[in-house]
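Trainee: Could we go through this structure together, with a question for each point?

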Amino acid sequence: MSATDTTTQERPIGRRGPYAELFFALMRSGTFLTGFAIVLFWVICALFGEHFTPYDPLADDIINALSPPSAEHWFGTDQIGRDVFSRVIVGSRDILTVAPLATLLATVAGTALGLFTGYFRGIADDIVSRVLEAFMAIPVVIVALLAIVALGTSKATVIVVIGLSFAPIIARTVRSAVLAERELDYVAAAQLRHESAFHTMFVEILPNVIPPILVETTVRLGYAIFAVATLSFMGFGIQPPSPDWGLSISNNYGMIGGGFWWTVLFDALAIASLVIGVNLVTDGIQGALND
Amino acid sequence: MTDPAKAATGMTANALDLNDLSVAYRVGGRNRAVLRNVSLSIGRGEAYGLVGESGCGKSTAALSVVRYLPRNGSITGGAIAIDGKDVMKLDAEALRRARAETVSMVYQDPGKALNPSIRIGRQLTEIFELAGITGKAAEERALAMLKRVRISDPVGVMQRYPHQLSGGMQQRVAIAMALANDPSMLILDEPTTGLDATVEAEVLDLIAQLRRELSASILFISHNLAVVSNMCDRVGVLYAGMLVEEGTTKDVFNDPRHPYTVALLRCLPRGGQRKDQGRLDTIPGFLPGIGATITGCAFADRCALADDRCRRELPPLYELGDGRLSRCHYHDKAQTLPRATPSDVKLPAPATAAEPVLRVENVNKTYASHGHALRAVKDVSLDLAPGETLGLVGESGSGKTTFARLLLGLVAPDEGGQITLEGKTLAPRLEGRGDDQVKAMQIVFQNPDSALNRSHSIRHLIGRALKRLAGLSGKALETRLDELVRSVRLTERHLAAKPRQLSGGLKQRVAIARAFAGDPRIVVCDEPTSALDVSVQAAILNLLADLQAKERVSYIFISHDLGVVRYLSDKIAVLYLGRIMELGPSEDVFSGPHHPYTEALLSAVPKLDRSESSRIRLDGEIPSATNPPPGCVFQTRCPRKIGAICESQEPPLVQAKPGHMIRCHIPYPELARLQKHGAAQSEPA
């Protein structure tokens, strides 16, 4: 019997696992590395920014209020003399707490919903999907207004509001990926072992739909950053005295007319750079997965 | 190298000359050789077959003829000449003209060769417009081309989109497109591989007829030796990118002079060979990876005849006379190649007298399709004895897979039928069946890439099955896992791998191990070898036969390859439009007298050692199951239709002789008389 088959003996087991392959592809992707560098810069600012800012971002200095960029104040000072450079650096902290947590919430809730609707299909899918679509039709700002009236303003409220408004979008992506996986024979094989629906969804199907979830999550993160900044700008988001970017723009945009552009420009650039950074990361991952 | 065809035709230039051609693909920053110094010539009007297992460089050879290699491929040496013109020296414009006018290619998947959003007529007309014919004239030429490939309703086909045509019709259109500009060289790369045997036979007939009408030379690439043997004048065998044997088709297949060819031919179940008559031979080891450095003979590692000289010294292409070439130092001894697999086998006969392990009574499955009822399975009844193999055959769309899924409970049958497993009635759906019933019936799917979860390791895949199906855990699970892995001839080191890291054959072994985890009574095998090379197929078939002998398991074996079905099956059910047309012991069904449909199926199989005289051809495609023909469902294509009764009355499944049932209006003795003449030739190769 042992002579029957030497065919199984020799083939070398080469080739890296899929995630190792993704990692190496990302390390070769200029798009990803650029985006990653930008995001990493802001993450470091958020974590350690207060230790290397030249001034206390909250300390006012009325005498030097609204001074233009100079060697002393690289980005100038605002209405009450706070150093704009220090505020921009530290201003990354709240947005980089709230936006990722909101995205995480959206991903977890959306993935669970997507797995459920895609796996069970039929009537359960129809009902849940219609409800989610109705939910998606309501603008985030309206939801935020209602939530703030009901719950009061806090970071937690912002996280919940953005998380729950993005969840249906992630659910839709996950659902379509699950529908495709559902047709594969390994799902039938799991049923032929009498596996529970929970096992089939989370142990069998979930690992195979991670790539689209990863892409969708990074896309949502970009939008979440934007949404947090918008809500803060409108006064529903992060509250004073935080040096948050959206909040700073909101406090200072009236000054542009007076020629005090530096009070707004650098915060706006900061938001833009972070969103662009996240989008570059997304593009890089998407490109690497499609290769 | 001398070329007999050249001498025979007396022409100055061959249709195609490859001279010392080497091709490499750049992978991971390194050039890896795919073709190594291949020289071959195709004379004018000649059909040349190129055979070999996947990965040996067949398709690369075809693509390099018109310098159509993928971006990372390059010709690293040698010369290609079409009609005596050096292809390597052509500039971009001349190359474009050569591709447009001189050489045409037909690929395996016609669905991909046709533009899905353009009507067939437009796509064909375009080719003539490129050649400078305009307006109405081009359209007429397009229509004439469709008539030439004998497509039914050519005027209608012009108006249709590719997806509205069946696979066989699509391939006809692809051939029509390839022939449109009257090429002098036609390259066919696995043109019938995705098609049903009956459709394949039609397409091959068409190619053979066209050959007589046209002057084109043909380079025919196929992994199917029988197809090549029916279509080609001469054949070349490729191994690891090297031409290892060449000669006339008849010589090479009847009197192979290279151990690889010898081994390849032995892997096929031929001449009605059955599992109890001995194991199939296999080829040990693996094809060298692309770009591997080869010193000595490339086949030496897998060749039982190889000695030190073979490993040291690359054999030249020895000329054996009559245009025969063999790249083997011991070409005169090639046929004495010892078997890689002992043929001895002890198979207990199935316990047909015992209580059947599975009994299926009047099972139906109807799907709703756009408001019509689609009868995928109609009124199927059969028994399966312990240790018995039931072969399910029929064209695609005949309901084989649906029937298998009904048995497994993945699809619920219509109310009314009954499936009994070991005396107990089975619930229609899996959820209603007990754990014991579920583990008793398992399946090996056709495509292991779909059946094995790509995120899990082999250890997890098999271990989970043992846990769920055999209820094992801890130490006991480890021990059994080890045993099971060894019984399917995998090794410890495969356990940590993910499915994608294994070859197709190894993946199928994992799937088999998983199916056997809970000591099943019945294993459904749904085309388990259709994606595998012949040598791997042989190993898998041997494994299935060995496991059956050891475990006394029953198989339901689905395959379109009748040679394979015949090898494994004790009993055959022939399905057509969801109905059993014939059911009986394997020997009776194959040797006949049989149902006219079975007769046609058998006749469609290309055979290695038979002339194409007494072939029966089925016209057209299998009718739609939403609207089956009245009377006998087979009457629209039946070559032995007797008259009005076939159109008005569905024949019952009647017992022709004990255990052998046939659904036909023609009485059994009459069938015997009609088929007596052809029976001798209907042995599958």
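Mentor: Let us begin with a term: a residue is buried if 20 or more other C-beta atoms lie within 10 Å of its own, exposed if 12 or fewer, and partly exposed in between, with C-beta atoms placed from the backbone. This is a predicted model, in which local features need pLDDT of at least 70 and side-chain atom pairs count only at pLDDT 80 or more, while totals for chains, interfaces and linings use all residues. Residues are numbered from 1 along each chain as its sequence is written, and chains are lettered from A and ligands numbered from 1 in the order in which they are written.

Trainee: Is Glu599(B) buried or exposed?

Mentor: Glu599(B) is placed in helix H23 (residues 596–604) of chain B, where helices (H or I, at least four residues) and strands (E, at least two) are DSSP runs numbered from the N terminus. Because 23 other C-beta atoms lie within 10 Å of it, Glu599(B) is buried.

Trainee: What share of the 685 residues in chain B is buried?

Mentor: The same term can be applied to the chain as a whole. In chain B, the buried residues among the 685 make up 52%.

Trainee: How many helices and strands does chain B have, and what is its radius of gyration?

Mentor: The secondary structure of chain B comes to 25 helices and 24 strands. The radius of gyration is taken over C-alpha atoms, and the globule rule is 2.2 Å times the number of residues to the power 0.38. That rule gives 26 Å for 685 residues, so chain B is as compact as a globular protein of that length, with a radius of gyration of 26 Å.

Trainee: Which strands are the edge strands of the open sheet E2-E1-E4-E5 in chain B?

Mentor: Two strands pair if DSSP finds at least two bridges between them, and in this open sheet of 4 strands the pairing is antiparallel. An edge strand pairs on one side only, and in chain B this holds for strand E2 (30–42) and strand E5 (85–86).

Trainee: Which residue in E4(B) is the bridge partner of Ala24(B)?

Mentor: Strand E1 (residues 16–27) and strand E4 (residues 73–82) of chain B pair in the antiparallel sense over 8 bridges. In E4(B), the partner of Ala24(B) is Ser74(B).

Trainee: How far apart do the C-alpha centres of domain 1 and domain 2 of chain A lie?

Mentor: The domain bounds, which come from an automatic or database domain assignment, give domain 1 (20–56 + 70–90 + 253–291) and domain 2 (92–242) of chain A. The C-alpha centres of these two domains of chain A are separated by 26 Å.
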